[in-house]
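User: I have a structure to read and some terms I don't follow. Can you take me through them?

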Amino acid sequence: MDKTAVVIGSGPNGLAGALTLARAGYPVEVREAAPAFGGGVRTEELTLPGFRHDICSAIQPMGRASPFFEFAGLDLEWVCPPAAVAHPLDDGTAVLLESALGSVDLGPDTAAYRRLVEPIVVAWRAVEPLVLGPFPPALPALRVLKRLAPAAKAALGDARSVAGSTFETGRARDLFAGLAAHSMLPLERRPSAAFAIALAVLAHVDGWGFPRGGAQAIADALVGEIRRAGGEVRTDSPVDVLPAADVVLADVVPAELRRIAHLPDRYDRALGRYRHGPGAFKLDWALDGPIPWRAADCARAATVHLGGTLDEIAASEWGAWRGRPVQRPFVILAQHTLFDPSRAPEGKHTAWAYCHVPNGWPGDMTEAVEAQVARFAPGFRELVLARSVTTPADLEARNRNLVGGDINGGTMDLGQLFTRPVRALNPYRTPIRGVYLCSSATPPGGGVHGMCGYSAALTAARDSP
Ligand SMILES: Cc1cc2nc3c(=O)[nH]c(=O)nc-3n(C[C@H](O)[C@H](O)[C@H](O)COP(=O)(O)OP(=O)(O)OC[C@H]3O[C@@H](n4cnc5c(N)ncnc54)[C@H](O)[C@@H]3O)c2cc1C
């Protein structure tokens with residue numbers, strides 16, 4: 001084949017698109033602006049020598065078995081803790097989202113939980129094309145919606161209402177709220193419940209895993225496969241003008257596409273209306289020992305949700321949404337080294353955490369985040385050997401896709417969940433022939449699954465065989 005293909009950006013979606021095209025026979029060149037490839041799947045010694053921290057994504061529940069990762073067949077060692085999430089509470093206990101559905105114990109709400117998620121877990125292979133793609137889904141895939149009508153109805157709701165109508169106990173509602181807050185939407189906004197349900201289902205389908213050694217292992221493996229298929233990946237190679245090639249996949253957000261391409265007015269205006277959500281304020285720590293959780297069960301999970309009750313978590317998300325961060329933010333924390341000691345010197349540990357703040361927020365949440373950890377793990381502060389602080393502006397300076405610190409490539413509300421970045425049957429195509437968007441600003445949105453890149457590349461290969 002003599003057709004040329006250029007991929008702008010080497011995040012998981014850019015690399016997924018590049019590998020798909022390379023295996024289809026295109027000579028592919030990936031151009032990455034940063035000095036290292038990987039975008040949201042990178043790992044560095046951010047604090048002290050020997051302590052390896054994930055710069056962006058830390059836990060990849062959608063990565064392990066997404067249709068793209070199945071296609072890619074990467075040689076990666078996945079680490080999968082027995083519980084997906086631990087959610088400590090002020091009474092010294094923790095609610096656990098065990099990976100084995102049969103082991104989930106939510107007391108009087110156990111049966112209600114199973115009624116909510118089990119039908120989707122069982123039908124996951126049929127549901128996956130609707131949630132992750134490849135998009136657009138084939139019509140027969142839509143039939144599964146009929147079978148799962150009650151769960152689909154709940155998924156379209158807001159987390160507060162669904163938690164309230166499904167569960168009797170505060171503990172189950174609190175767990176649900178923590179899962180829903182990954183949406184970066186207020187818990188009273190639709191479809192925040194969908195994120196809670198999807199993340200709970202993924203816990204039981206494949207667990208919340210991560211690659212041994214760090215997220216960088218995903219990028220390294222993808223780049224290895226692209227090179228094996230004849231493609232090339234260049235770093236320090238920012239694209240400022242749309243390259244001339246038969247196929248261009250742009251792993252960039254709409255604002256960046258508008259900067260580098262001369263777009264027809266109507267499409268340009270539509271992209272100009274694209275919305276970004278709150279930002280992330282991130283901390284990484286080098287620790288002298290494991291985090292001393294009051295609830296010992298927290299050591300069963302790599303992901304810990306720190307926010308207490310549904311009401312507190314809801315207030316935190318509203319604060320980030322409305323421009324006023326709260327004193328006690330909802331914090332998502334990852335403690336990889338309990339399960340993957342390769343990331344720190346012997347006996348030492350790392351931790352990764354972030355909270356949501358208003359988009360582009362210039363303030364400092366270090367004390368507030370550390371106070372939330374210490375609230376559930378007294379003695380935490382004494383273990384800190386070094387810390388790295390990443391503000392929304394730092395995130396954007398490293399990677400133009402993280403506009404104002406928005407880690408999802410754009411708000412994931414009902415108006416932009418599947419119709420991103422514009423309303424179109426196939427949102428990867430742009431009005432410029434041969435040019436496709438493939439970043440998380442396209443369906444299925446944020447997260448490490450490679451499906452935006454995979455779907456865009458499949459579209460391009462169909463358009464330009
Ligand atoms: C702090 C943080 C925590 C996260 N945690 C998780 C998590 O635990 N689990 C999870 O699944 N997801 C997580 N995410 C989200 C996940 O990382 C992203 O959804 C995912 O990386 C998006 O992939 P992408 O390929 O679309 O874009 P990106 O990964 O953002 O990659 C885009 C790449 O394009 C490059 N680029 C942009 N413009 C140009 C240009 N003009 N020329 C050349 N190169 C360009 C950028 O430098 C970047 O390398 C997190 C993100 C952040 C920031």
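Analyst: Here are the ligand's surroundings and one helix pair, term by term. This is a predicted model, where local features need pLDDT of at least 70, side-chain atom pairs count only at pLDDT 80 or more, and totals for chains, interfaces and linings use all residues. Residues are numbered from 1 along each chain as its sequence is written, and side-chain values use heavy atoms, with hydrogens and water left out.

User: What makes I59 a polar contact of the ligand?

Analyst: A polar contact is a pair of N or O atoms within 3.5 Å. A polar backbone atom of I59 is 2.6 Å from a nitrogen atom of the ligand. That fits the cut-off. In the side chain of N399, an N or O atom is 2.8 Å from a ligand oxygen. That pair fits too.

User: How much of the ligand does the protein bury?

Analyst: The protein buries 95% of the 1000 Å² that the ligand exposes when taken alone. Such areas come from the Shrake-Rupley method with a 1.4 Å probe.

User: Why is α8 called roughly perpendicular to α9?

Analyst: Helices here are DSSP runs (H or I, at least four residues), numbered from the N terminus. The axes of α8 (residues 170-180) and α9 (residues 192-205) cross at roughly 100°. Angles of 65 to 115 degrees count as roughly perpendicular, so α8 earns that name against α9.

User: Which α8 residues meet α9?

Analyst: F176, L179 and A180 do. Contact means heavy atoms within 4.5 Å. Among their partners in α9 are F195 and L199.

Note on methods
A polar contact is a pair of N or O atoms within 3.5 Å; within protein, one must be able to donate a hydrogen and the other to accept it, and residues adjacent in sequence count only if both atoms are side-chain atoms. Axes are lines fitted to C-alpha atoms, for helices over the stretch in contact, and angles run from 0 to 180 degrees between N-to-C directions. Helices (H or I, at least four residues) and strands (E, at least two) are DSSP runs, numbered from the N terminus. Angles under 35 degrees count as roughly parallel, over 145 as roughly antiparallel, 65 to 115 as roughly perpendicular and the rest as oblique.
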